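User: Could you take a close look at one part of this structure for me? I would enjoy a connected walk through a single strand and what surrounds it.

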Amino acid sequence: MTSKRLCAFGCSLTHGFGLEDVTFRHADKWKTTGPSKLAWPATLSDLMGLECVNHGEPGASNKKILSNILNADIREGDVVVTLWSHFDRFAL
């Protein structure tokens with residue numbers, strides 16, 4: 001039996017970039033310690049009583065967010081929520 005999960009997709013707002021429990025390095029690429037436990041997906045999953053799988057990625061364009069959704073392990077019964085980025089953000 002699989003448990004239901006909240007799978008969240010989006011950019012830095014979904015990831016929780018800038019919140020106190022996320023540290024980062026910027027060398028050639030953004031590297032973080034992982035999504036914040038204080039970001040909205042964790043709060044929403046707690047309220048819904050679901051496991052949180054946060055696929056938020058700092059700097060992600062809508063094209064990248066869609067790619068993350070299409071390549072994710074989404075299971076039957078999962079609740080999927082997407083926070084789309086600004087329409088003008090683009091991927092190189």
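Analyst: Happy to: here is a look at strand S1, followed by a residue that touches it and a patch elsewhere on the surface. Please keep in mind that this is a predicted model.

Let us begin with the setting. The chain contains 3 helices and 5 strands, and their order along the sequence reads β-α-β-β-α-β-α-β. Of its 92 residues, 33% count as buried. Among contacts between residues at least 6 apart in sequence, 63% join residues at least 24 apart.

Now to S1 itself, which spans residues 5-9. The strand is mostly covered, with 5 of its 5 residues buried. That cover applies to both faces: Arg 5, Cys 7 and Phe 9 lie on one side, Leu 6 and Ala 8 on the other, and all are buried.

S1 also has pairing partners. With strand S4 (residues 51-54), S1 pairs in the parallel sense over 4 bridges, and here Leu 6 stands opposite Cys 52. With S5, the pairing is again parallel and runs over 4 bridges; in this case Ala 8 stands opposite Val 81.

From S5 we can step to Asp 78, which sits in the loop between helix H3 (62-70) and strand S5 (79-82). Asp 78 has a relative accessible area of 14%, so this residue counts as buried, the cut-off being under 20%. Its links lead back to S1: the side chains of Asp 78 and Arg 5 are joined by a polar contact of 2.6 Å. The Asp 78 side chain also reaches the backbone nitrogen of Arg 75, at 2.8 Å. Leaving aside residues up to four places away in sequence, Asp 78 touches Ser 3, Lys 4, Arg 5, Cys 7 and Asp 73. Arg 5 and Cys 7 in that list belong to the face of S1 that also holds Phe 9.

For a contrast, turn to helix H3, where Leu 70 is found. Leu 70 has a relative accessible area of 64% and is therefore exposed, since exposed means over 50%. Together with Leu 66 and Trp 84, Leu 70 forms a nonpolar patch on the surface, and the three share about 340 Å² of accessible area. As a backdrop for that patch, the accessible surface of the chain comes to about 6,300 Å², with 56% of it belonging to carbon and sulfur atoms.

To draw this together, S1 is a strand with both faces covered, paired with S4 and S5, and joined through Arg 5 to the buried Asp 78 by a polar contact.

Methods: Residues numbered from 1 in each chain as written. Predicted model: local features only at pLDDT ≥ 70, side-chain atom pairs only at ≥ 80, totals over all residues. Heavy atoms only, no water. Helix = DSSP H or I, 4+ residues; strand = E, 2+ residues; numbered from the N terminus. Buried < 20%, exposed > 50% of the residue type's maximum accessible area, 1.4 Å probe, protein only. Polar contact = N/O pair within 3.5 Å; in protein donor to acceptor, adjacent residues only side chain to side chain. Contact = heavy atoms within 4.5 Å. Patch = residues over 30% accessible without salt bridge, like charges linked within 9 Å, V, L, I, M, F, W, Y side chains within 5 Å. Areas by Shrake-Rupley, 256 points an atom, 1.4 Å probe, with all protein chains shown as cover. Salt bridge = Lys/Arg side-chain N within 4 Å of Asp/Glu carboxyl O. Pairing = 2+ DSSP bridges.
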